[in-house]
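Me: I would like to go through how some of the terms used for this fold are justified. Please set each value against its definition.

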Amino acid sequence: MSSSSSSRSPAAAAARLDLDGNPIAPLTICMIGAGGFIGSHLCEKLMAETRHVVLAVDVYCDKIRHLVDPAPPHLSGRISFHRLNIKNDSRLEGLIKMADLTINLAAICTPADYNTRPLDTIYSNFIDALPVVKYCSENSKRLIHFSTCEVYGKTIGSFLPKDHPLRKEPEFYVLKEDESPCIFGPIMKQRWSYACAKQLIERLIFAEGAENGLEFTIVRPFNWIGPRMDFIPGVDGPSEGVPRVLACFSNNLLRREPLKLVDGGQSQRTFVYIKDAIEAVVLMIENPARANGHIFNVGNPDNEVTVRELAQMMTEVYANVSGEAPLDEPMIDVSSSQFYGEGYDDSDKRIPDMSIINKQLGWNPKTPLKDLLETTLTYQHKTYKEAVKRQMSQASATS
């Protein structure tokens, strides 16, 4: 947290207005999954710029330790850490009752797990989320639930021949919250366990709103990236772990290994900077009249690349950040079955339509892809390079 943020006067923070010009009253927020990538950035933003109180719920607090262990004097009484697993802890309902708003960020959300741990994936994203929805509905508490862009599944255009001209028409691939169908692969493709579980909890939340008056907002993130995303295997995560694409490529770059492109890296994705995305979430928190009952895509359609293009950009940016020349062969192709195991499937494109969030909240992302990659890879290099060297030395010494 910057000194300018931490020294901002309470009176200035209390004078915040919502988008309709009304004063924003301080809220108590129960944030489930506060210790993760998104939660840590959201906690920092709320502590720096608002007077809201956060009940930070998670199993781990490493990424928010600077905020809670112990809380700095200027944050006394504004953030508290509650170590609990929402699967089986009776304290959860009490924390939700204490809060004005609950934000649920908890999830298994790593593609490698969808294929190898489909049961855990389904339980984490549907079964474990049920009590959160239930307690919010029964106690008339507002809920902001984090879903995923994966609920859209495959685009309509993906079912057309590869050279069909309609594949280039936006209505065949741009994803709209209130119009686009959710199209998944066959049941035996375990990769869709995550998307199906997330879609079902969305439908349950929507039904609670329709039948029981639950005030809700659903967030569909489109590849939020930045510092503290995921983990580096063998350093702050399991050695055999496979994080999401940016952390996976970062791990390869730190170890001077070729970046592995699954099925040629032809899938197209968009990427948005975490700090841009967090601004959207704060707008949802502070503008319930505009956010309640809505599903919001939160992404940056201007930052669209294939995974192969992303790998090329990251290789170039990391060479500048680290001062190390790229490998002679910086990328290799691997099949999805080699990388993820049998039963993997994927969507071809994930390009968000931004009309609803722009209309309701006036939000647009700002950061170009190259800039956010420079920021993120600078952080990865400074944070992990020496630790990766030590880990590799230890591994070679014991082999």
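Me: Which residue in S7 is the bridge partner of Phe-146?

Reply: In S7, Phe-146 has Val-219 as its bridge partner. This is a predicted model, in which local features need pLDDT of at least 70 and side-chain atom pairs count only at pLDDT 80 or more, while totals for chains, interfaces and linings use all residues. Residues are numbered from 1 along each chain as its sequence is written, and side-chain values use heavy atoms, with hydrogens and water left out.

Me: How do you know that S5 and S7 pair?

Reply: Two strands pair if DSSP finds at least two bridges between them, and 4 bridges join S5 (residues 142-146) to S7 (residues 216-221), so the two, which run parallel, satisfy the definition. Strands here are DSSP runs of E with at least two residues, and helices are runs of H or I with at least four, both numbered from the N terminus.

Me: What makes S3 and S12 edge strands?

Reply: The open sheet has 7 strands in the order S3-S2-S1-S4-S5-S7-S12, with parallel pairing. Strands S3 (79-83) and S12 (294-298) each have a single partner strand, so one side of each is left without a neighbour in the sheet.

Me: Why is H10 called oblique to H13?

Reply: H10 (residues 245-254) and H13 (residues 307-322) pack at about 45°, with their axes 11 Å apart. Angles under 35 degrees count as roughly parallel, over 145 as roughly antiparallel, 65 to 115 as roughly perpendicular and the rest as oblique, which makes H10 oblique to H13.

Key
Axes are lines fitted to C-alpha atoms, for helices over the stretch in contact, and angles run from 0 to 180 degrees between N-to-C directions.
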